[in-house]
Amino acid sequence: MPLVLKGVERGKRIVTAVDDLALKMGVRPGMPVTKAQALYNDLFLMDADPVEDTRALERLAIWALRMSPIVAADAPDGLVIDTTGADHLHGGEANMLNTILQRLEETGLTAIGSLADTWGGAHALARFGGRFGGIIPAGETETTLLDLPIAALRLPEKLVDSLRTLGFDRIRDIAHQPRAPLILRFGPELGRRLDQAFGKDREPIEAAREPETISVQRVFAEPISADETIRRYTLKLLGQLCDALEVAGLGVRLADLLFHRVDNQIESVRIATARPVRDVKQLMRLVGDKFNAINPGFGIEIITLSATLAEPLEARQFASGLIGAETPEIGSLVDILSNRLGEKAIDRPCPAASDLPERSVQWVAPETEVKTPWSNDWKRPTRLLPRPETIEVMALLPDSPPRTFKWRGQRRRVVQADGPERVFGEWWKRDPELESVRDYFYLVDETGKRYWVFRDGDGEFDDTGKQGWYMHGLFA
């Protein structure tokens, strides 16, 4: 049955939300309930719960803090996220936006995302720019918003109705009108929303925070702006944060440093670690790499440091000279590289359960614990080509190894060979590989170079492969 939520607005019972089935039947939000029931008698009506919706939106904003340090609920149905200082950790703003939408979809939430220089611009494009939203290039926010409806400016519904009565339907119709008559008739709200959307007036975002988040703050009687002063107080806050984390038995995984400027702007720095960390020097090293991006403006009056994501810190046993060599600690190096290049830029290979060489390796985060060991049953090349390359082969018999082969325009004579090693397709995963076969050979040419080649098929039946020869890897 089609589901419809109903509420009361201006003393009238109206539809506040509909599901896909009701939408196909012509029921729309804002429609009177009686009209919706006239379109379809068997609507499943439920009372809307705006209070619980607001709480759910706030919980969603706290979840989104994993993506950026400055996130707030954009009631009644949105989130506003300031990506400054965190986008590089996700491969750029566009990749960050796609990641957020993908994770929301995985949890069953359908969302439209947009990216703009301003909160008002992103809000307008997400709700009135089509079903897919979009990205507004830097400096083109005003031009892009001109063709959107007046309602995209986050104005009260009564004010929107008054503007439409006067013939103002699009932002273009009112953007370049004289301000004095508009303020006299409609008040300052219209001009303020226009300036905020176009980036002419600043609009701070009050970041959401979990009540139990460990956070420390320093308020200055006089604003500070010198780089040395900012670094000194940041180091002190890191010490206080680590002390608080030690009491709780936690280590930081995500830390957000917010610099509140006197002009009501916030400069943010986010650092991420591969595993829980509570070392002041290591955290300061990560923060110090980002100080060049901080613009103090006319001065910073508040510095806030929060452990947005903290996890239990397990004690580790360090080796001594009596019990053997200590395992190298690469966590600090991984953190430095990840914060400079992005978390997706650093990974390492680990074994995967597959007989096919190109599927037997997967890339994971550097600190991911892998229990499956590498297999040493068969020789494997040091370098596996991204994709097999075609070679021309001369062999005495179909099952014999090549005597000569031509690869990348150069013919090579084989002086030593070993094989074949037969590998079957993963028929339980892919139907086309039900009868596929590969025969791999280990070859050495007259110069001592070693190769790994295979024949696609068993050399006899066409349904096992194309019977062509391919170069797949090189040995050191």
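This is a short tour of a helix pair and a cavity in a predicted model.

**Stop 1: two helices side by side**

Start by selecting residues 280-288, which make up helix α12, and then add residues 331-341, which make up helix α13. Look along the pair: their axes come within 10 Å and cross at roughly 20°. Angles under 35 degrees count as roughly parallel, so α12 and α13 are roughly parallel to each other. What is the handedness of the crossing where α12 passes α13? The crossing is right-handed.

**Stop 2: where the helices touch**

Now show side chains. On the α12 side, pick Q282, R285 and L286. Across from them in α13, pick G331, S332, D335, I336 and N339, which these α12 residues meet. Try colouring this contact by residue type: you should get 2 nonpolar, 4 polar and 2 charged residues.

**Stop 3: the cavity**

Leave the helix pair and go looking for empty space. Rolling a probe the size of a water molecule over the atoms shows where empty space is left. How many cavities of 30 Å³ or more does a search of the whole structure find? The search turns up 1. The largest cavity holds about 30 Å³ of space.

To see what surrounds the largest cavity, select G120, A124, L145, A152, L153, R154, R193 and A197, the residues that line it. Next, colour α5 (119-128) and α10 (189-198), the elements that each give two or more residues to this lining. Finish by colouring the lining by type: it divides into 5 nonpolar, 1 polar and 2 charged residues.

Note on methods
Residues numbered from 1 in each chain as written. Predicted model: local features only at pLDDT ≥ 70, side-chain atom pairs only at ≥ 80, totals over all residues. Heavy atoms only, no water. Axes fitted to C-alpha atoms, helices over the stretch in contact; angles between N-to-C directions. Helix = DSSP H or I, 4+ residues; strand = E, 2+ residues; numbered from the N terminus. Parallel < 35°, antiparallel > 145°, perpendicular 65-115°, else oblique. Left-handed = near helix turned anticlockwise from the far one by under 90°. Contact = heavy atoms within 4.5 Å. Nonpolar A, V, L, I, M, F, W, Y, C, P; charged D, E, K, R; others polar. 1 Å grid on protein atoms, 1.4 Å probe; cavity = no way out; pocket = protein on both sides within 12 Å on 5 of 7 lines; lining within 4 Å. Points joined across faces, edges and corners; volume = space filled by probe spheres on them.
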